[in-house]
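Reader: I should like to go through this model sheet by sheet. Please begin with the terms that the discussion will require.

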Amino acid sequence: MPRPAHPSRRSFLSRTALLTGAVLIPPLTTACSRTEPGSGAPTGDAALLGRLRERGFVRVGFAGEAPFGFQDSGALTGEAPTLHREIFTALGVPELRPTLTDFGALIPGLLADRFDVVSAGMAITPERCAKVIFSEPEFVSPTALMVRKGNPRGLSDLKSCADRGVTVGVLTAAVEAAYAKAAGVAPSAVKALAKQQDGLDALVAGRIDAFALTGISLRWLAKVNQGAEVEVLEPFVPELDGKPQYSPGGAVFRPGAGQLRDAFNRELAGITGDPARYVRLIGAYGFTEREVPPPSLRTSDLCRA
């Protein structure tokens, strides 16, 4: 069974997912010449929804990253494509035509008109908001702990890890290291690991007592390692400098495509406002009611943070 990809939606990171056999977008020198000044985005995006309805499909960029957007037996699947297919079908655009590319090439490819929307569960950050426009959050990513079966150390969150003096695994350069420090975990008790699978393996081998990552990613990791003597605890929302860290992600559009983004948001609100429908659509990918964005969490605020 394939091992899950290294996650790319850490709110404070901007790294490229490494894909085997990925079809990369062509060099940007071949981009469309009709562009919005200073943005690289095509003109005429105000009428984009009408054009999509006429042609019957929307071009989506994704990064081959389970469970957010990936291919299964050649079919595009995962959290973002499933939500986006539901939304675009409601908007009169029944087909998603995917382009697989490196995570770091998604925004350049969008601006160069390689696709119309990014369907990759991309984290909403101020740096990205300066280049593109995001939908309202599709999900939040509360942190969770993976522990050995039975939770022998009686852990619940990073504060409990600090109180019990246990060793916590985090992904190299991931924000969970900062969360652990803020919760009081000693630096010597935080062990950096290269990949998700390394975290599970270290946990089973007893080299760490807990593996901290988003609940979404940990549940997927457990799913693709059925039989491993591990369990995923209830998610929690860590804090940095007194601020909750929700790690939200959303769909991405070109700066001129505000009308399309607004229409998308109206349909998205009908899904995130109905937790049962939300879980029915993307529960198979590890998303629960815990991942439903709170109504008070707005992209406009996240872009100013």
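Author: Two strands are said to pair if DSSP finds at least two bridges between them. The model under discussion is predicted.

Reader: Which residue of S14 stands opposite Met122?

Author: Strand S5 (residues 117-123) and strand S14 (residues 249-253) are joined by three bridges in the antiparallel sense. Within S14, the residue opposite Met122 is Gly250.

Reader: Which strands are at the edges of the sheet that contains S5 and S14?

Author: This open sheet has five strands, with mixed pairing, in the order S4-S1-S5-S14-S6. An edge strand pairs on one side only, and that holds for strand S4 (95-100) and strand S6 (133-134).

Reader: At about what angle to S5 does H2 run?

Author: Helix H2 (residues 79-90) has 12 residues and spans 17 Å from its first C-alpha to its last, close to the 16 Å expected. Among its buried residues are Leu83, Ile87 and Phe88. H2 lies across strand S1 (57-62), S4, S5 and S14, and its angle to S5 is about 135°.

Reader: Which element gives the most residues to the largest nonpolar core?

Author: The largest nonpolar core has 37 residues, and those touching the most other members are Val58, Phe88, Phe253, Leu260 and Phe287. Elements that give two or more residues to this core include S1, H2, S4 and S14, as well as helix H9 (258-272). The greatest contribution, five residues, comes from H9.

Reader: How many residues are in the second, separate core?

Author: Leu145, Val147, Ala212 and Leu233 are included in this second core. The core is separate from the largest one, and its number of residues is 19.

Reader: Why is one side of S9 left without a neighbour in the sheet?

Author: The strands of this open sheet follow the order S9-S8-S10-S7-S11, and the pairing is mixed. S9 and strand S11 (230-232) stand at the edges, so one side of each has no neighbour in the sheet; the reason is that each has a single partner strand.

Reader: What is the average twist from one strand to the next in this sheet?

Author: The sheet concerned is the open one of five strands in the order S9-S8-S10-S7-S11. From each strand to the next, the twist averages 30°.

Reader: Are the residues on the two faces of S8 buried or exposed?

Author: In strand S8 (residues 168-171), Val168 and Val170 lie on one side, while Gly169 and Leu171 lie on the other. The cut-off for a buried residue is under 20% relative accessible area. Both faces are covered, and these four residues are all buried.

Reader: What is the handedness of the β-α-β crossover from S8 to S9?

Author: S8 and strand S9 (residues 190-193) run parallel and are joined by four bridges, with Ala192 as the bridge partner of Val170. The chain passes from S8 to S9 by way of helix H6 (residues 176-183), and this crossover is right-handed.

Reader: Which residue of S10 is the bridge partner of Val168?

Author: Strand S10 (residues 210-214) runs parallel to S8, with two bridges between them. The bridge partner of Val168 in S10 is Ala210.

Reader: What is the relative accessible area of Ala186?

Author: Ala186 is found in the loop between H6 and S9. Buried residues are under 20% and exposed ones over 50%. Ala186 is partly exposed because its relative accessible area is 38%.

Conventions: Residues are numbered from 1 along each chain as its sequence is written. This is a predicted model: local features need pLDDT of at least 70, side-chain atom pairs count only at pLDDT 80 or more; totals for chains, interfaces and linings use all residues. Side-chain values use heavy atoms; hydrogens and water are left out. Buried means under 20% relative accessible area, exposed over 50%, partly exposed in between (1.4 Å probe, protein chains only). A crossover is right-handed if, with the strands pointing away from the viewer, the path from the first strand over the helix to the second runs clockwise. The expected span of a helix is 1.5 Å times one less than its number of residues. Contact means heavy atoms within 4.5 Å. Axes are lines fitted to C-alpha atoms, for helices over the stretch in contact, and angles run from 0 to 180 degrees between N-to-C directions. A nonpolar core is a set of buried Ala, Val, Leu, Ile, Met, Phe, Trp, Tyr and Cys residues joined through side-chain atoms within 4.5 Å.
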